[in-house]
Amino acid sequence: MPGVPRFYPLFSLFLILSFISLMQQSAANGFPSKTDTARRLAKNLPFLRRSQPSSNNPFSRLPSRSRPGGNNRQTAGTKLMSWSGRDLGSPLYDVVFIIDESGSIPLDQFNRGLSAIRLLIGDASLGTKFAAIKFSNKARLLFNFVSPAQAKTKLLNVPQKGGSTNTQDALKMARDLFLNPAASGHRQNAYRMAVVVTDGLSNVQPGQTIPQATQLKGIGTRVMVIAVGNYGASGRKEMKDIASYPPGENLFFVDDFNDMYQITFMAINNI
């Protein structure tokens, strides 16, 4: 075409090849883009206001095997999918956040993670209550099931203890919250969910981590995992085994807690 410099087609080809190279590198590393992760998070967190389905069944968009009332019995070595199965007509959710506070997380990153959790809580639908557990050398209960407004307030200025990563103790404590409703405020007609936020492999009684996750899922709890940082093969396997099945709907990898905040912001704002 007259008047168009010849380097334009070459430059366009260079951009296309560079984009393909970046996509291949991302796929090789196994890390989806922030946009893809945000979309998956928004789609699969049923307590968010924007993810509410139109029918009375809050999990109606899921395959039949994943709906409450189906086979939610959890056994080792099987494909796990866990839902509470109570009161299909009532879109209530009791969600416990299980928050890693181990010493491998810098304080500013720990606080950034709390800010991301507060964003999610602030976008929760009516009928959702939240509890929170933090863990390092041992699990500590931050608060029982309360309203979103109360939960946001309680997550301000949470001190970080530091120490090791006793994931199994936190998973056990989460199960106890659901099994002791009189003490925890858990509602028997609410769907049970646990969201684990951690930056690494468990290193206190690690042999109990997956059994405790299986028991938590076995009482009808959907377990989602936000895994922060770079994980090797063993770390990815542990995160996958903690999370409910399928991992595409319940396991999310992010680079750091700043990314977690950005992805959370994108998820609740449909970016």
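**Exercise 1.** Find the bridge partner of Y93 in β4, and place β1 among its neighbouring strands.

*Solution.* Start with Y93: its bridge partner in β4 is Y191. (Strands are DSSP E runs of at least two residues and helices are H or I runs of at least four, numbered from the N terminus; two strands pair if DSSP finds at least two bridges between them.) Next, β1 and β4 pair in the parallel sense over seven bridges. Then turn to β2 (residues 128-135), which pairs with β1, also in the parallel sense, over eight bridges. There, I99 stands opposite K134.

A word on the model: it is predicted, local features need pLDDT of at least 70, side-chain atom pairs count only at pLDDT 80 or more, and totals for chains, interfaces and linings use all residues. Residues are numbered from 1 along each chain as its sequence is written, and side-chain values use heavy atoms, without hydrogens and water.

**Exercise 2.** Sort the residues of β1 by the way they point, and decide: are they buried or exposed?

*Solution.* In a regular strand, side chains alternate between the two faces of the sheet. Accordingly, put Y93, V95, F97 and I99 on one side, and D94, V96, I98 and D100 on the other. All are buried, that is, under 20% relative accessible area with a 1.4 Å probe and protein chains only (exposed is over 50%, partly exposed in between).

**Exercise 3.** Describe where G207 lies and how accessible it is.

*Solution.* First, locate G207 in the loop between β4 (191-198) and α7 (209-218). Now check its relative accessible area: at 58%, G207 is exposed. Finally, Q168 is 39 residues away from G207 in sequence, yet their C-alpha atoms are 8.6 Å apart.
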